[in-house]
Amino acid sequence: MQKTKALDDPQRPSKTRTIYLIGITITLALSAMGAIAGGIYLSQSPELIPTEGGNPLYSNTQIMIAALLAGGLLGYLTYGIWALKNWSRSLVLFLVLMGGTYYGVSVIFDVSAQIFGGEKVVPLLEIGRILISGLKRIIITGAVPIAVLYGLRRYAYLFEETAKQRRFIDQSVRYILIGFALSAIIIVALIIVFTFMESMQAITEVGLDTMLLGTIWRPGSIIGTEDAQLGLIPMVIGSILSTFGAALLGVPFSIGAAILLAEVAPISVREVIRPAIELLAGIPSVVYGLFGMVVLAPAIRTFQIPYNSGFNLLNASIILAVMITPTVTNIAEDAIRAVPREYKEGSFALGTTHWQTIWFVILPSARSGIIAAVILGIGRALGETMALIMVIGNAIAIPKPLNNNPLTLFLSAARTLTGNIAVEINYATGAHRSALFFTGLLLFLMIFLVNSIARGLMRERTSS
């Protein structure tokens, strides 16, 4: 016991400390002096300073300030390592890991450039020589950092960690995690700001009333003039109708599939159906578009109605319904499974059937999760582009019934907001291009509105 205690004493003069800690201390001290000496030498050797257009990139003052800062930091780390301060150990580990990662990545890029960057195929033996050379560079350059990492990690018990440092580390990790959590909000905010800034030209030159209330989209008439016709109403209606049709067809099917997988189907059936539904999420949207063009369009054309081309809102709604099925089904199934088992058992104890329990107990309890699944599915449908371009017909006009039957509205061609951006962004310029960015901003607002309605429904359910 006494021997073990002596080994764990951080103040003991040991051979280990002599070999590793003094070596690291000397290395840091020499690095500090080298940084300062290098800064002085560079400031006195203008020919060594990188230039751009004949002018040096850095002044003598900048070089000396950087050298003094680097030397001061390394000197402070030298003191911390010698005094066995845990903060210095953590900082040295961080610097060594970051520097080693940067150097390793640069070597990998250098080796890749030598192998793949030439005009001719590099012979196999030459590739081997290049790889071995890169490996040698990493091993030789990384010998000292690896020794430092090993020593500091192996003998971490020698360093003193105060309560103040532990609190600092806990708070730092907390702030870092908060930053990760807020990053999604920050990214969305930056995208909205960027889109709004790009939309300002159209808002100024064309006007919000024209874009939000106009029924004609004719960018060819734009000469930066007053006769600009950039009304987005046809695309807004096309997006709403195609999404509504997808929800009408896909949501009941998806929720039914979720109920089947969560409550009804035996394990053998679930093992077949669930992978099949999940596989739908992995199919590229262009493949869905091809399916709509080759299979659905000819089938829809069998409806003997004038001007029915098969490329219309019905085709788009069916494709979107299939595409949102995996999202809605998986989230709704998780919500149903999250209902406490006691609710189900209590319902059975009152004498209800399995279906009555599902309808009156499980589905109401899982309502918030099911609403979230539907909202995500609607967002998926609103944001789809490629498949819709291929099957919806891309007619820049407000959809109207093809005859006196109002249901033939879904047999008319249309264009969505996302399709409008994808079709025209490659050649758009000036106010036309800015109006397309405003289209993206309008999509943000529509999705935000849908989310707000869903939150309102869930709050109303909770309050009641």
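Q: Why does Phe 437 count as buried or exposed?
A: Phe 437 has a relative accessibility of 17%. Buried means under 20% relative accessible area, exposed means over 50%, and partly exposed lies in between, using a 1.4 Å probe and protein chains only. Phe 437 therefore counts as buried.

Q: What kind of model is this?
A: This is a predicted model, in which local features need pLDDT of at least 70 and side-chain atom pairs count only at pLDDT 80 or more, while totals for chains, interfaces and linings use all residues. Residues are numbered from 1 along each chain as its sequence is written, and side-chain values use heavy atoms, with hydrogens and water left out.

Q: What makes the pair of Phe 194 and Phe 437 edge-to-face, stacked or tilted?
A: Rings of Phe, Tyr and Trp (its six-membered ring) pair if their centres lie within 6.5 Å; planes under 30 degrees apart count as stacked, over 60 as edge-to-face and the rest as tilted. Here the centres are 5.8 Å apart and the planes stand at 85°, so the pair is edge-to-face. Phe 194 sits in helix H6 and Phe 437 in helix H17, 243 residues apart. Helices are DSSP runs (H or I, at least four residues), numbered from the N terminus.

Q: Why does Phe 194 count as buried, partly exposed or exposed?
A: Its relative accessibility is 44%, so Phe 194 counts as partly exposed.

Q: Why is H10 called oblique, parallel or perpendicular to H11?
A: The axes of helix H10 (residues 285-301) and H11 come within 10 Å and cross at roughly 135°. Axes are lines fitted to C-alpha atoms, for helices over the stretch in contact, and angles run from 0 to 180 degrees between N-to-C directions. Angles under 35 degrees count as roughly parallel, over 145 as roughly antiparallel, 65 to 115 as roughly perpendicular and the rest as oblique. That makes H10 oblique to H11.

Q: Which residues make the contact of H10 and H11?
A: Among them are Tyr 288, Phe 291 and Leu 296 of H10, and Ile 318, Ile 319 and Val 322 of H11. Contact means heavy atoms within 4.5 Å.

Q: Why does Pro 340 count as buried, partly exposed or exposed?
A: Pro 340 has a relative accessible area of 35%, so this residue is partly exposed. Pro 340 lies in the loop between H11 and helix H12 (341-349). Its C-alpha atom is separated by 9.0 Å from that of Ser 365, 25 residues apart along the chain.

Key: Helices (H or I, at least four residues) and strands (E, at least two) are DSSP runs, numbered from the N terminus.
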